[in-house]
Amino acid sequence: MLSFLLILTGCSKEKAVETLKDESQQETVVPESIEEVTGNLKVHFINVGQADSILIENGENRMLIDAGNNGDANLVVNYLKSQGINELDYVIGTHPHEDHIGGLDAVINTFDIGKVYMPKVTHTSKTFKDVITAIKNKGLKITNPVVGSKIALGDAQGVILAPNSKEYKDYNNYSIVLKLTYGNTSFLFTGDAEDLSEEEMMNNGLDLSADVLKLGHHGSHSSTTLEFLNKVNPTYAVIMTETGNDYGHPHKETMDKLKNKNIPVYRTDENGNIIATSDGKEITFNVNPGDYSYGRESKSEETSTNKSSESNIFTAKAESNEEKTYTDKNGKGLIKGNINSKGEKIYHMPNGAYYKKVEAEMLFNTEKEAKEAGFRKSKK
């Protein structure tokens with residue numbers, strides 16, 4: 001059965017995009033994990049700088065999780081072609097931020113695509129609109145993630161673990177989290193899921209254990225809580241980030257947790273393209289682990305956001321000024337929400353008089369989001 005999801009596009013028009021109802025998405029359920037496997041599972045963490053793009057192969061079966069920034073489109077397409085790929089069984093856009101779905105339209109336009117997974121949330125950016133247009137033009141449908149539903153990729157068995165709520169204030173928490181098991185080995189792919197999503201997964205009693213953890217949100221302090229890390233208990237960690245990025249990723253707090261637990265960390269800023277290969281019993285990497293160095297302590301991240309905000313504001317056409325999007329190049333909201341000494345909830349625009357002096361307790365992409373959260377606009 002089909003339902004319709006209203007999509008707000010960058011052209012300020014509403015379009016109906018067909019999506020599958022939740023119950024029909026359960027059709028992907030497959031048998032439980034297969035311990036006896038043949039051949040290898042290869043996981044390519046493609047170096048797309050401060051962004052995510054992950055190719056997974058088992059025999060003739062292929063999956064792509066995210067496709068980097070808009071500027072990475074050719075890089076991702078060429079990388080897939082260099083692997084002899086003509087068809088992708090699954091494409092997952094973890095969440096609508098540009099550094100995850102930026103190159104997805106080019107991938108969809110170039111290759112034969114089986115099934116597209118995206119969370120049930122819309123974005124007003126041109127990037128999001130381009131992806132939706134590519135999906136529609138190809139005659140594809142969007143499958144929304146349902147926690148517990150399973151995806152078969154050859155002998156590898158995937159299960160969706162997040163998102164666990166219908167609405168979030170932060171787009172990152174809409175991230176599709178996938179655990180993939182191959183024989184006796186397993187991988188956990190977390191998109192940009194923040195601590196809130198991690199807590200939901202733990203509270204729901206989901207099996208989070210995995211040999212390889214792709215850390216959430218490029219190693220930010222806002223993901224990978226110690227409790228979550230203990231639940232996953234990975235043998236290896238992977239961080240997808242770029243040297244000298246504006247956010248100081250990965251953050252000191254995250255790297256300290258990995259170091260204290262002696263978890264080897266593979267990172268695209270130091271290792272370039274990372275390929276993990278599993279034979280169902282052991283996992284090997286094509287490169288040596290990186291170190292535990294970090295960009296900067298998280299306290300100064302806000303300073304970095306302030307410093308970079310003026311030159312990195314990206315807006316999209318919208319129905320009204322209240323829906324105009326203010327994000328940096330990685331899709332992070334730039335409107336600051338702050339609660340003053342009187343308990344008043346006030347939001348500050350990037351060109352506001354007090355913007356640089358205010359510490360953000362929440363960040364919003366649009367004024368509409370800020371008002372819906374109970375904040376009023378600063379008078380200056």
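The legends below describe an overview and several close-up views of a predicted model.

**Figure 1. Overview of the predicted protein chain, with its helices and strands.** The protein chain contains 11 helices and 21 strands, and 55% of its 380 residues count as buried. When contacts between residues at least 6 apart in sequence are considered, 66% of them join residues at least 24 apart. The chain exposes about 16,400 Å², of which carbon and sulfur atoms supply 45%.

**Figure 2. Close-up of helix α2 and its buried side.** Helix α2 spans residues 73-82, and its buried residues are A73, V76, V77, Y79 and L80. These residues lie on the same side of α2, because the arc that they cover around the axis is only 160°. In an α-helix there are 3.6 residues a turn, so residues three or four places apart point the same way. The exposed residues N74 and S82 are carried by the face of α2 that is turned away from its buried side.

**Figure 3. Close-up of the elements against which α2 packs.** The buried residues of α2 pack against the strands β3 (41-45), β4 (54-58), β5 (61-65), β6 (87-92) and β16 (274-278), and also against the helix α4 (104-110). After α2 comes G84, which has a positive phi, near 75°.

**Figure 4. Close-up of S223 and the residues that it touches.** S223 is found in the loop that runs between β13 (212-214) and α7 (226-232). This serine counts as buried because its relative accessibility is 0%, where the cut-off for buried is under 20% relative accessible area. The side chain of S223 reaches the backbone oxygen of A193 at 2.7 Å. Leaving aside residues up to four places away in sequence, S223 touches D192, A193, E194, D195 and E198, together with G216, H217, T254 and K257. A193 thus appears both among the residues touched by S223 and as the residue whose backbone oxygen the S223 side chain reaches.

**Figure 5. Close-up of T325 and its polar contact with T124.** T325 has its place in the loop between α10 (301-309) and β18 (335-339). With a relative accessible area of 2%, T325 is buried, although this residue belongs to a loop. The side chains of T325 and T124 are joined by a polar contact of 2.4 Å.

How values were computed:
Residues are numbered from 1 along each chain as its sequence is written. This is a predicted model: local features need pLDDT of at least 70, side-chain atom pairs count only at pLDDT 80 or more; totals for chains, interfaces and linings use all residues. Side-chain values use heavy atoms; hydrogens and water are left out. Helices (H or I, at least four residues) and strands (E, at least two) are DSSP runs, numbered from the N terminus. Buried means under 20% relative accessible area, exposed over 50%, partly exposed in between (1.4 Å probe, protein chains only). A polar contact is a pair of N or O atoms within 3.5 Å; within protein, one must be able to donate a hydrogen and the other to accept it, and residues adjacent in sequence count only if both atoms are side-chain atoms. Contact means heavy atoms within 4.5 Å. The arc is that of the directions from the helix axis to the C-beta atoms. Accessible areas come from the Shrake-Rupley method with a 1.4 Å probe; for residues, only the protein chains shown count as cover.
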